[in-house]
Amino acid sequence: MSSKLAAQPLCDGAILAQATRDAITKLDPRQLVRNPVIFVTEVVAALVTALFIREVVLGIGTPMFSGQIATWLWFTVLFANFAEAVAEGRGKAQADALRKTRADTQAKLLVGLHGGRDDVWCPRSASELVVGDLVLVEAGDIIPADGEVIEGIASVNESAVTGESAPVIRESGGDRSAVTGGTVVLSDWIKVRVTAAQGSSFLDRMIALVEGAARQKTPNELALSILLSGLTLIFLIAVVTLYGLAGYSGTIVPVTVLVALLVTLIPTTIGGLLSAIGIAGMDRLIRFNVVATSGRAVEAAGDVDTLLLDKTGTITYGNRLATQFIAVPGAGERELAEFALLASLADETPEGRSIVALAKSKYGLPDPQIDRAKAAFVAFSAATRLSGVDVNGRVVRKGAVDAVLKHLALTNEQAPFEFRQAVERIAQTGGTPLGVSRDGRLLGVIHLKDVVKPDIKERFAALRAMGIKTVMVTGDNPITAAAIASEAGVDDFIAEATPQDKLAYIRAEQAKGRLIAMCGDGTNDAPALAQADVGVAMQTGTQAAREAGNMVDLDSNPTKLIEVVEIGKQLLMTRGSLTTFSIANDVAKYFAIIPALFVTTYPELNALNVMGLASPQSAILSAVIFNALIIVALIPLALTGIAYRPVGAAALLQRNLLIYGLGGLIVPFIGIKLIDLIVAALRLA
Amino acid sequence: MSLNGWVLIALVFLAVLVVARPIGIYAARVLNGERTPLTPVLGPIETGLYCLAGVDPAREQTWRAYTLAMLVFSAAGFLLLYAILRLQAFLPLNPQGFGGVAPDLAFNTSLSFVTNTNWQAYGGETTMSHFVQMAGLTLHNFLSAATGIALAAAVTRAFARSGSGTLGNFWADLTRVTLYVLLPLSLIVALMFVTLGVPQTLVGAIDATTLEGAKQTLSIGPVASQEAIKMLGTNGGGFFNANSAHPFENPDAWANLLQIWAMLVVSAALPFMFGEMVGNERQGHTLLWAMGLLLIAGVGIVYWAETRGNPLLTALGVDPASGNMEGKEVRFGQAMTAMFVAVTTGLSCGAVNAMHNSLTPLGGLVPLFLIQLGEILPGGVGSGLYGILVMAILTVFIAGLMVGRTPEYLGKKIEAREMKLAMLAVLILPLAILGFTAVAAVLPSALASLANAGPRGLTELLYAYSSAAGNNGSAFAGLNANTPWFNTTLGIAMLLGRFAYVVPVMAIAGSLAAKTKVAPSTGTFPTTGPLFIGLLVGVIVILGGLQYFPALALGPIVEHFLMLDGKSF
């Protein structure tokens with residue numbers, strides 16, 4: 001997915017052009033009122049514009065100054081709008097691509113059911129389908145709507161939603177029965193029961209989410225908006241009352257100057273970037289091929305402190321591979337390998353192939369020269385739990401240890417001590433022992449091992465540093481599970497896990513005040529997915545699972561749960577850092593504007609002009625210009641987000657505080673001074 | 001400044017800390033309803049009081065019921081005191097035969113004592129009878145202080161509990177705090193004051209013959225007992241008009257030390273109580289550190305500004321070596337006056353042992369700014385604790401996101417509802433302080449009360465409203481506040497500063513108590529340690545204080561620069 005991430009640059013000419021147009025249409029106060037800080041800025045910008053016009057018409061006051069202040073106030077609003085528009089624009093580009101696949105298709109609506117492919121169907125526009133309709137989709141057809149496969153099996157190209165061109169199998173029953181409207185059946189046929197009407201399908205929801213049309217303020221964003229509105233009110237009080245206080249001191253402070261003070265003090269920086277940060281966070285997730293059904297889920301991802309991870313596919317490769325041959329006394333290791341190879345010749349499972357591969361690579365054994373026609377291969381069955389071959393009068397078997405012993409009519413006690421010891425050791429380390437026998441004689445044991453992914457232990461250590469507990473979920477017995485858990489470095493495991501166990505575990509953790517993330521694909525995962533604070537359903541999963549989770553992973557890659565958490569944290573961090581930066585900026589702005597306000601009445605107050613700004617007017621103008629430009633300067637950061645490092649909260653706080661807290665105090669002092677130098681040089685004020 | 005002075009300041013802080021921790025832990029046990037060493041003595045009285053009032057101390061109240069009980073109790077207290085003041089002439093223990101108090105002054109004074117402000121628009125010894133002083137004012141010194149501590153306990157429980165619908169029982173908290181904490185402490189401190197020579201008598205006044213042979217009437221009365229709770233309960237309402245500068249209230253340097261100690265000790269104990277009740281002592285220590293650092297900075301600036309003296313006086317031939325001694329008592333000295341000034345304003349106590357109006361501009365800026373920071377350093381008893389908790393919530397909300405989690409404080413998620421209420425609370429102070437000051441600054445009838453023109457006059461106005469809204473009660477002086485305009489508007493400011501602030505805070509408590517505690521991990525935003533202390537201090541100064549900067553610039557700050565230029569008003 002990294003390639004896909006890189007594919008969309010930060011600055012795309014078309015997006016920027018569109019965003020510029022959008023920034024202007026967003027000036028509509030009815031739209032802007034959703035963002036109180038910027039709305040207040042717009043109102044006062046209009047006020048100063050009116051004052052400017054009055055001054056020009058009546059030829060009074062300082063129209064040059066008012067005009068420039070008004071201009072920069074409008075720019076402040078436009079820059080804030082622009083930030084939001086750019087963030088939205090990046091989503092829209094993606095939505096357009098998705099929308100192309102939604103072109104109206106003709107569905108084959110089934111009207112008479114006779115079984116198999118003999119059903120009668122009539123053509124019907126996909127947009128007229130209703131929930132519950134049954135449709136036939138054959139090779140080459142576009143699946144007309146979201147639904148559940150009720151009959152048949154087909155390979156489906158889902159690249160329209162997942163971006164992945166390799167086809168996937170969809171079949172009735174089981175966990176791979178959900179199909180998505182807009183995807184294409186490549187081979188065979190399926191009958192689908194429609195589960196979502198046009199307009200509310202998965203693709204529709206995805207488009208809406210990507211575009212930001214369905215965007216609502218997330219809980220934390222809402223709380224932050226309240227804080228920002230509160231601050232705006234406080235500064236409004238401070239500025240309005242200043243009128244009276246200045247009056248007492250014999251200064252008439254022009255409204256334009258009071259407005260300038262107000263706008264520089266209210267948190268316009270974070271106010272202007274807040275929604276862009278939110279949209280960009282969702283966008284980052286989508287470009288990571290995960291669709292969140294709500295912004296709330298993205299925030300919750302940042303808060304997660306327990307991850308439930310399926311062992312298979314996430315922690316281990318999921319295949320048990322042969323790693324060692326252990327012979328019993330009296331049999332050679334090479335002999336064991338030889339017959340293990342023979343027994344596995346027809347075994348096409350990954351385990352079987354790994355035995356062949358190990359025997360050949362470790363002992364340099366050739367392919368056995370046997371006449372396949374005369375050989376009777378015994379396939380593995382659940383009843384015997386043995387497989388092998390009868391050839392040239394030899395009976396070779398491999399299989400579960402107790403099954404092999406039973407085949408040899410031995411009790412466990414009768415087996416050689418070394419054999420029992422090896423079996424026990426393998427089981428304890430999480431491996432699977434396979435017994436091998438030839439002609440009624442026990443040869444030894446093969447060590448099959450579930451191989452843990454190489455870098456997974458480091459990732460879990462990083463998660464631990466972030467304060468996140470990892471829990472491995474596996475169907476293995478507790479001994480095996482414990483061994484793999486310790487090898488992979490997870491904090492806890494649920495062995496012999498049933499869906500009920502998962503649900504119970506999630507509830508228990510939540511009762512302890514923890515937030516849980518998990519991923520799942522099966523219908524029986526649905527209750528746990530719904531219960532978890534972040535439930536990532538696999539795109540290949542069932543419709544029930546996809547409905548129950550609050551995110552869908554289009555790549556169906558359970559490892560991504562970790563990245564989802566990181567994206568959530570990154571979103572919150574970006575928001576927090578820019579808020580801190582914005583608030584810390586106020587200190588410098590006070591030092592720019594306060595002396596300028598009163599210096600005519602009290603020249604002594606120039607002592608507070610620590611930046612040595614050229615004149616009162618240039619000081620005020622510079623502060624306003626800085627206030628507008630800082631929004632633009634921070635747009636890239638708002639969109640890309642602040643890099644998350646798994647170093648623990650204390651270290652993270654220290655780092656971000658140093659950059660955005662201390663930086664927020666210092667940067668405006670430098671910025672305002674530089675702008676003042678330019679303003680003075682150009683004689684703008 | 002001298003080393004001696006600093007050592008003395010450090011010793012007083014140390015003496016406070018040594019006692020604050022045990023008192024805090026003791027208070028936590030009292031408020032948890034646990035058995036304490038005093039239970040055998042006071043237990044029966046407590047039970048008796050519950051029986052008498054028909055209160056079941058075990059019956060828990062929701063935040064609404066708790067707050068309502070507090071409001072009803074305060075309203076009743078207000079009405080009672082108002083009646084006592086108006087009817088003073090008909091009540092006993094009035095040896096000097098004072099008449100009833102005027103309606104606007106009675107309104108102002110009643111509100112002032114009910115809100116733990118103790119703003120005194122009157123001269124105590126020339127207006128109030130012993131009955132009023134004891135049954136009216138001293139009673140409220142206890143009850144308003146106990147109310148504050150009870151509220152702080154309720155807010156603390158919001159963090160201590162998980163998924164709880166209730167915050168304790170107001171009546172039980174009030175009774176317990178008064179009986180087990182305030183009364184025993186007051187008794188000890190009052191006896192110490194008596195030992196140091198503070199009068200404690202029911203005689204109204206004595207006539208003395210001065211050395212010149214002139215006759216002089218000296219007011220005395222039950223001073224020591226009122227003095228003890230005046231300081232312990234951060235009330236600040238003195239028996240005499242001159243407050244703690246009066247030799248009968250504060251006879252010598254030892255008494256002065258005791259005054260500072262007593263005024264700090266309960267407020268400094270409450271963060272320990274908080275830590276104890278939430279089961280994490282370090283959380284309490286962190287809050288106390290933030291309070292302490294700002295307070296010490298305040299003490300330092302006053303001390304520095306005052307010892308540097310006033311160049312205008314130096315020009316007139318005043319020896320600059322002793323610093324600015326105008327309005328100060330020689331028996332206390334610069335260090336202990338500076339400490340008193342900063343502590344009484346950082347604390348919302350409001351007792352004064354020097355004329356604040358005689359401080360240098362920067363020396364006067366400090367008490368003003370400390371009040372405006374919200375009276376949380378360490379603030380009034382109880383109100384300081386819940387005040388700084390609001391700031392902690394804001395800090396966590398702003399900075400907490402920087403660790404990549406939604407904000408939480410002590411395991412409680414801070415969400416939109418809490419934010420709305422916190423902003424509502426935080427808005428009250430600037431609205432009351434700046435709003436009223438701005439109106440008064442352009443109102444001719446209000447300006448007529450000013451003794452000084454120019455920036456000093458503005459400072460006087462600003463100080464009065466800050467003191468009222470912050471429930472401090474100290475006066476900058478120079479302002480004749482006993483006028484209908486000031487009595488009324490200052491009364492309203494006090495009302496807003498206490499109740500309009502605490503109701504949203506209690507609502508936050510109710511909302512937080514109901515939340516499940518989130519388990520801490522290494523990913524949790526750390527709310528202890530130097531980093532958080534620094535952040536909290538930053539938020540208090542930037543969010544709590546910056547909005548007053550323009551007003552301060554026009555008052556003490558410009559006056560400071562004017563003074564350096566040799567100008568005065």
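**A buried alanine, a covered helix and the interface of chains A and B**

Ala545(A) is buried, with a relative accessible area of 0%. That value falls under the 20% limit for a buried residue. The model is predicted. Ala545(A) belongs to helix α21 of chain A, which runs over residues 543-548. Beyond its neighbours within four places in sequence, Ala545(A) is in contact with five named partners: Asp521(A), Gly522(A), Ala526(A), Leu529(A) and Ala537(A). Ala528(A) stands 17 residues from Ala545(A) along the chain. The C-alpha atoms of these two alanines are separated by 9.4 Å.

Helix α23 of chain A covers residues 586-598. Its 13 residues should span 18 Å at 1.5 Å a residue. The C-alpha atoms at its ends are 18 Å apart, so the expected and computed spans agree. The helix is mostly covered, with 12 of its 13 residues buried. At its start, the buried residues include Asp586(A), Val587(A), Ala588(A), Lys589(A) and Tyr590(A). Further along, Ala592(A), Ile593(A), Ile594(A), Pro595(A), Ala596(A), Leu597(A) and Phe598(A) are buried as well.

The interface of the two chains was examined next. The size of an interface is often given as the accessible area lost when the parts come together. Chain B and chain A bury about 5100 Å² between them. Carbon and sulfur atoms carry 78% of that area. Leu401(B), Met402(B) and Leu554(B) supply 14% of the area that chain B buries against chain A. No other three residues supply more. The contact takes 62 residues from chain B and 63 residues from chain A.

Polar links also cross the interface. The rule finds two salt bridges between chain B and chain A. One of them joins the side chains of Asp305(A) and Arg405(B), at 3.6 Å from N to O. The rule also finds 14 residue pairs in polar contact across the interface, with both residues at pLDDT 80 or more.

On the side of chain B that touches chain A, the elements giving two or more residues are α14 (383-400), α15 (416-442), α17 (454-469), α19 (530-545) and α20 (549-564). Of these, α15(B) gives the most, with 14 residues. By residue class, this side of chain B divides into 42 nonpolar, 13 polar and seven charged residues.

How values were computed:
Residues are numbered from 1 along each chain as its sequence is written. Chains are lettered from A and ligands numbered from 1 in the order in which they are written. This is a predicted model: local features need pLDDT of at least 70, side-chain atom pairs count only at pLDDT 80 or more; totals for chains, interfaces and linings use all residues. Side-chain values use heavy atoms; hydrogens and water are left out. Helices (H or I, at least four residues) and strands (E, at least two) are DSSP runs, numbered from the N terminus. The expected span of a helix is 1.5 Å times one less than its number of residues. Buried means under 20% relative accessible area, exposed over 50%, partly exposed in between (1.4 Å probe, protein chains only). Contact means heavy atoms within 4.5 Å. Buried area is the accessible area (1.4 Å probe) that two parts lose on being put together, summed over both. A salt bridge is a side-chain nitrogen of Lys or Arg within 4 Å of a carboxyl oxygen of Asp or Glu. A polar contact is a pair of N or O atoms within 3.5 Å; within protein, one must be able to donate a hydrogen and the other to accept it, and residues adjacent in sequence count only if both atoms are side-chain atoms. Ala, Val, Leu, Ile, Met, Phe, Trp, Tyr, Cys and Pro count as nonpolar, Asp, Glu, Lys and Arg as charged, and the others, Gly among them, as polar.
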